[in-house]
There are 2 protein chains.
Amino acid sequence: MAASTLSEVARLAGVSLATASRVLNGSTRKPAEDIAERVREAADKLGYVPNAQAQALAKSSSGLIGLIVHDIADPYFSAIARGVQEAAHQQNRMVLLASTSGAPADEKEAVAAFAARRADSIVIAGSRSVRTEDKQGNTELAAELDRYCRNGGHVGVVGHPVVGASTDEGYHVVKVPNEELSAGLAAELAATHEGSFLIVAGPEGLYTSDDRVRGFQRGLADAGRPTAEVIRTGFNRAGGYEAGLALAERIKASKERLCIFAVNDVMAIGVTAALRPEGVWIPRDATIAGFDDIETLRDFRPALSTVHLPLEDIGRLAAGDPDTPPVSGAVKLRRSTETPVESQV
Amino acid sequence: MAASTLSEVARLAGVSLATASRVLNGSTRKPAEDIAERVREAADKLGYVPNAQAQALAKSSSGLIGLIVHDIADPYFSAIARGVQEAAHQQNRMVLLASTSGAPADEKEAVAAFAARRADSIVIAGSRSVRTEDKQGNTELAAELDRYCRNGGHVGVVGHPVVGASTDEGYHVVKVPNEELSAGLAAELAATHEGSFLIVAGPEGLYTSDDRVRGFQRGLADAGRPTAEVIRTGFNRAGGYEAGLALAERIKASKERLCIFAVNDVMAIGVTAALRPEGVWIPRDATIAGFDDIETLRDFRPALSTVHLPLEDIGRLAAGDPDTPPVSGAVKLRRSTETPVESQV
DNA sequence: TTCATATGGGAAAGCGCATTCCCGTTGCAA
DNA sequence: TTGCAACGGGAATGCGCTTTCCCATATGAA
């Protein structure tokens with residue numbers, strides 16, 4: 001990657017390096033218009049492209065914003081990524097992407113890499129975990145983040161604080177009211193659903209999942225309902241599918257219509273997909289609700305009841321966009337949890 | 001973003017800058033083990049993080065790979081992005097993201113920004129366009145890319161060559177057999193479908209869309225069928241939805257079962273979504289096929305007939321991964337195009 | 001013992017740019 | 001006419017690192 005340099009431009013224009021820099025790359029001092037024109041012409045003729053690395057080095061600010069997600073192809077993350085991207089664009093920065101499949105150890109690597117690139121800020125999306133196997137990874141991640149912040153970096157975390165991070169300068173959490181919203185969902189569901197509830201959750205220790213479970217249970221309790229059984233599985237479609245398979249027989253055997261709360265939309269879809277070939281229809285034989293309100297899944301039928309989350313805004317907020325409204329979700333009851341009376345089988 | 005520097009480490013370890021560099025950041029020359037240990041300790045104590053900008057500047061290679069997509073939240077692009085990300089990870093690079101909504105002018109900006117950051121290579125995903133409004137943008141984009149390549153950059157384009165780019169050194173197109181696959185889809189559909197066909201396409205001038213239309217028409221012709229009518233609309237869900245609205249009355253009025261080919265999956269979903277509330281059911285009243293085989297949409301019902309594209313592999317290939325198999329798609333006939341006999345309404 | 005040959009550390013020259021000084025001009029008031 | 005401020009351009013320094021070149025020491029053969 002060689003290219004023409006500023007000094008080449010300066011020489012061609014017959015001015016000094018300093019002047020060329022002032023003309024081309026913005027400065028408080030504006031050289032005279034005729035000189036500026038000469039420089040611009042020279043730059044144009046040479047196809048000059050400023051070396052951002054060198055600029056960053058010289059003024060120690062890279063114009064980079066690092067984004068850490070579990071999997072960029074997951075619609076949840078790609079929606080957040082879009083928000084981050086937009087914020088970055090507004091701030092005239094570029095986003096650096098890292099996918100980590102959620103392992104804190106990988107996330108630590110990513111943070112280090114971002115720090116190495118002197119990213120101005122880092123956004124971490126994806127649920128925090130307190131699982132024991134992640135213990136060490138979490139500690140290291142926290143240390144890495146602390147160091148990054150101490151060196152002047154800004155960190156935006158979606159959802160929960162990074163486990164063990166000392167809430168330092170520049171450290172900033174976009175709170176997602178998972179628990180409240182889940183409670184709200186439970187309340188609304190309890191209002192129309194008579195039978196029992198069941199929760200298909202992610203592995204224990206995943207904050208997002210745990211919060212939603214807790215909130216849902218609280219909502220049930222507030223509505224005078226018994227605690228729901230919780231099935232633990234993977235926090236993704238595959239996990240939901242597995243749970244669905246495990247549930248099919250049981251649903252068919254039981255007389256009552258079970259109401260399933262999958263802690264996110266893709267899991268709900270997975271459950272439904274597993275149930276369908278078994279002849280278990282939603283909402284006829286069981287009802288189901290998800291969480292996130294993933295855009296791509298909105299055309300899914302039966303329309304999935306869920307909790308809307310402004311994922312794009314969340315991304316924007318985490319990326320430090322000042323004029324993004326605070327996070328506020330909303331329960332969306334749709335066909336998948338309709339009561340039998342209204343439903344036409 | 002200040003942090004401890006290599007020279008601080010060197011001083012603390014009591015060695016020279018050169019030695020510290022050799023120990024910490026890899027070199028052909030390996031200093032003695034005891035010295036190396038001292039340096040590593042010092043680095044650790046200071047929390048040294050190498051400045052990648054400075055490294056890039058010094059060895060003129062940034063370890064960056066730029067990715068240009070229309071919209072990162074679009075599942076088509078996020079799947080490709082995942083592939084790129086994986087390839088980058090293998091190559092020990094990071095991916096820089098840019099979303100451009102498909103405007104060549106924006107893409108040109110993005111290329112310039114990547115070039116400024118001295119990205120080692122650039123991947124451009126998203127259909128090329130020859131629409132007149134994009135004429136100038138295309139020219140500029142081509143010029144920018146040419147310059148980038150001439151300076152030693154590598155470019156990987158998904159689908160079609162960038163309009164007007166002189167096929168230079170370092171310029172590399174991942175061919176997607178859109179036309180052939182569409183022809184194959186048409187052939188398979190023609191084998192079971194008696195009635196007429198209709199194509200819901202993107203705006204004229206969008207290569208991907210045009211290729212798929214052309215292929216489909218060819219496939220029909222080869223099967224002895226008349227040319228299908230083509231409806232032009234947006235190349236996204238909204239476009240499909242619009243087309244669906246426009247088609248509803250017509251389908252209801254007609255006696256025959258129309259077979260619709262939407263040139264991509266999200267458009268197909270859009271069409272279906274518009275048709276459903278009108279009482280037009282798939283595949284009872286009309287059949288529909290898409291293209292891409294988007295993962296998130298696989299649980300959609302009726303299951304969408306489509307053409308599978310190995311999007312992740314495409315991303316990998318475009319990012320220059322050597323051991324990724326060449327692109328090969330496959331027609332997937334599913335429920336949405338089943339013939340009446342087999343379908344249970 | 002002596003000279004040629006590794007071996008390994010250090011000094012220094014950049015990489016491409018921003019920026020701080022410095023200095024020659026110019027404009028204007030005194 | 002003189003003096004001073006304001007202006008605008010240039011030389012030089014440094015951002016943090018890699019890498020070449022040089023030099024001191026250790027090693028082996030003669």
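Which atom of Leu6(B) lies 2.3 Å from a phosphate oxygen of DNA strand D? In this predicted model, a backbone N or O atom of Leu6(B) takes that place. The contact belongs to a surface that holds residues from both protein chains.

DNA strand D is surrounded by 26 residues. The closest are Thr19(A) and Arg29(A) from chain A, with Leu6(B), Ser21(B) and Tyr48(B) from chain B. Of the strand D atoms that come within 4 Å of the protein, 57% belong to sugar and phosphate. Individual phosphate contacts can be named. Tyr48(B) places a polar side-chain atom 2.5 Å from a phosphate oxygen of strand D. Ser16(A) uses its backbone instead: an N or O atom there lies 2.9 Å from a phosphate oxygen of the strand. Helices of both chains build the surface near strand D. In chain A, α2 (17–24) and α4 (52–59) each supply at least two residues. In chain B, α2 (17–24) and α4 (52–59) each do so as well. The surface near strand D has 14 nonpolar residues, seven polar residues and five charged residues.

DNA strand C also has 26 residues around it. Leu6(A), Ser21(A), Tyr48(A), Thr19(B) and Arg29(B) come nearest. Sugar and phosphate make up 56% of the strand C atoms that come within 4 Å of the protein. Two backbone contacts reach phosphate oxygens of strand C. A polar backbone atom of Asn51(A) is 3.2 Å from one phosphate oxygen. For Ser16(B), the distance from a polar backbone atom to a phosphate oxygen is 2.9 Å. A base is reached too. A backbone N or O atom of Ala58(B) lies 3.5 Å from a base oxygen of strand C. The elements giving two or more residues to the surface near strand C are α2 and α4 of chain A, with α2 and α4 of chain B. By class, this surface has 14 nonpolar, seven polar and five charged residues.

How are the two protein chains related? A turn of 180° with a shift of 0.0 Å along the axis lays chain B on chain A, at an RMSD of 0.0 Å. That is the relation of a two-fold axis. Both copies use the same surface: 100% of the contact residues of chain B recur in chain A.

The largest nonpolar core contains 136 residues. Those touching the most other members are Val200(A), Phe216(A) and Ile260(A), along with Val200(B), Phe216(B) and Ile260(B). Ile260(B) shows what such a position meets. Residues up to four places away in sequence aside, Ile260(B) touches Leu198(B), Val200(B), Leu247(B), Ile251(B), Val271(B), Leu275(B), Thr287(B), Ile288(B) and Ala289(B). Another core, of 48 residues, lies apart from this one. Its members include Ala119(A), Ala142(A), Val155(A) and Ala119(B).

A loop position was also examined. Pro325(A) sits in the loop between α12 (311–318) and β11 (330–332) of chain A. Is Pro325(A) buried or partly exposed? Its relative accessibility is 47%, so Pro325(A) counts as partly exposed. Beyond its neighbours within four places in sequence, Pro325(A) is in contact with Asp313(A) and Leu317(A). Pro325(A) and Asp313(A) stand twelve residues apart in sequence, and their C-alpha atoms are 7.4 Å apart in space.

Definitions and conventions:
Residues are numbered from 1 along each chain as its sequence is written. Chains are lettered from A and ligands numbered from 1 in the order in which they are written. This is a predicted model: local features need pLDDT of at least 70, side-chain atom pairs count only at pLDDT 80 or more; totals for chains, interfaces and linings use all residues. Side-chain values use heavy atoms; hydrogens and water are left out. A residue is near a molecule or strand if one of its heavy atoms lies within 4 Å of it. A polar contact is a pair of N or O atoms within 3.5 Å; within protein, one must be able to donate a hydrogen and the other to accept it, and residues adjacent in sequence count only if both atoms are side-chain atoms. Helices (H or I, at least four residues) and strands (E, at least two) are DSSP runs, numbered from the N terminus. Ala, Val, Leu, Ile, Met, Phe, Trp, Tyr, Cys and Pro count as nonpolar, Asp, Glu, Lys and Arg as charged, and the others, Gly among them, as polar. Copies are superposed by least squares on the C-alpha atoms of residues with pLDDT of at least 70 in both. Contact means heavy atoms within 4.5 Å. A nonpolar core is a set of buried Ala, Val, Leu, Ile, Met, Phe, Trp, Tyr and Cys residues joined through side-chain atoms within 4.5 Å. Buried means under 20% relative accessible area, exposed over 50%, partly exposed in between (1.4 Å probe, protein chains only).
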